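These are my notebook entries on a single structure. I looked up the placement and exposure of selected residues, then the packing of helices.

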Amino acid sequence: MWALALGACLGGNGTLLGASANVVVAGIASTNGVKIPFVRFMLYGLFIVVVSLIIATIYMAIRYF
């Protein structure tokens, strides 16, 4: 159950359209004259997702095994 919840929650940060908060931030940035390209967001986002999921996996392995 926790693996599914962590994977779905943290995985949404991988792309610009993966989570509603990402779309809101892109909209606010756009109104202030800052463009956030989809591919650039995805490059940073996927790195953050991988690091977050590695940390979550280590935590779950320690906690539940």
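Entry 1. I located Val25 in helix H2, which covers residues 20-31. The model is predicted, and I read every value below with that in mind. I then asked whether Val25 is buried or exposed. At a relative accessibility of 48%, Val25 counts as partly exposed, because that class lies between the limits of 20% and 50%.

Entry 2. I looked up Ile36 next and found this residue in the loop between H2 and H3. Its relative accessible area is 33%, so Ile36 is also partly exposed. From Val25 to Ile36 I noted a C-alpha to C-alpha distance of 9.4 Å, with their positions 11 residues apart in sequence. For Ile36 and Leu53, which are 17 residues apart along the chain, the C-alpha separation is 24 Å.

Entry 3. I turned to the packing of H1 (residues 2-11) against H3. Their axes lie 10 Å apart and form an angle of about 165 degrees. That angle makes H1 roughly antiparallel to H3, since the term applies over 145 degrees. I recorded the crossing of H1 and H3 as right-handed.

Entry 4. I examined Phe65, which is found in the segment after helix H3 (38-64). Phe65 has a relative accessible area of 82% and is therefore exposed, as the cut-off for that class is over 50%. Which residues form a nonpolar patch on the surface with Phe65? I listed Met1, Trp2, Tyr59 and Tyr64 as the partners of Phe65 in this patch. Together the five residues have about 750 Å² of accessible area.

How values were computed:
Residues are numbered from 1 along each chain as its sequence is written. This is a predicted model: local features need pLDDT of at least 70, side-chain atom pairs count only at pLDDT 80 or more; totals for chains, interfaces and linings use all residues. Side-chain values use heavy atoms; hydrogens and water are left out. Patches are made of residues with over 30% relative accessible area and no salt bridge: like charges are joined within 9 Å, nonpolar side chains (Val, Leu, Ile, Met, Phe, Trp, Tyr) within 5 Å. Accessible areas come from the Shrake-Rupley method with a 1.4 Å probe; for residues, only the protein chains shown count as cover. A salt bridge is a side-chain nitrogen of Lys or Arg within 4 Å of a carboxyl oxygen of Asp or Glu. Helices (H or I, at least four residues) and strands (E, at least two) are DSSP runs, numbered from the N terminus. Buried means under 20% relative accessible area, exposed over 50%, partly exposed in between (1.4 Å probe, protein chains only). Axes are lines fitted to C-alpha atoms, for helices over the stretch in contact, and angles run from 0 to 180 degrees between N-to-C directions. Angles under 35 degrees count as roughly parallel, over 145 as roughly antiparallel, 65 to 115 as roughly perpendicular and the rest as oblique. A crossing is left-handed if the near helix is turned anticlockwise from the far one by less than a right angle, and right-handed if clockwise.
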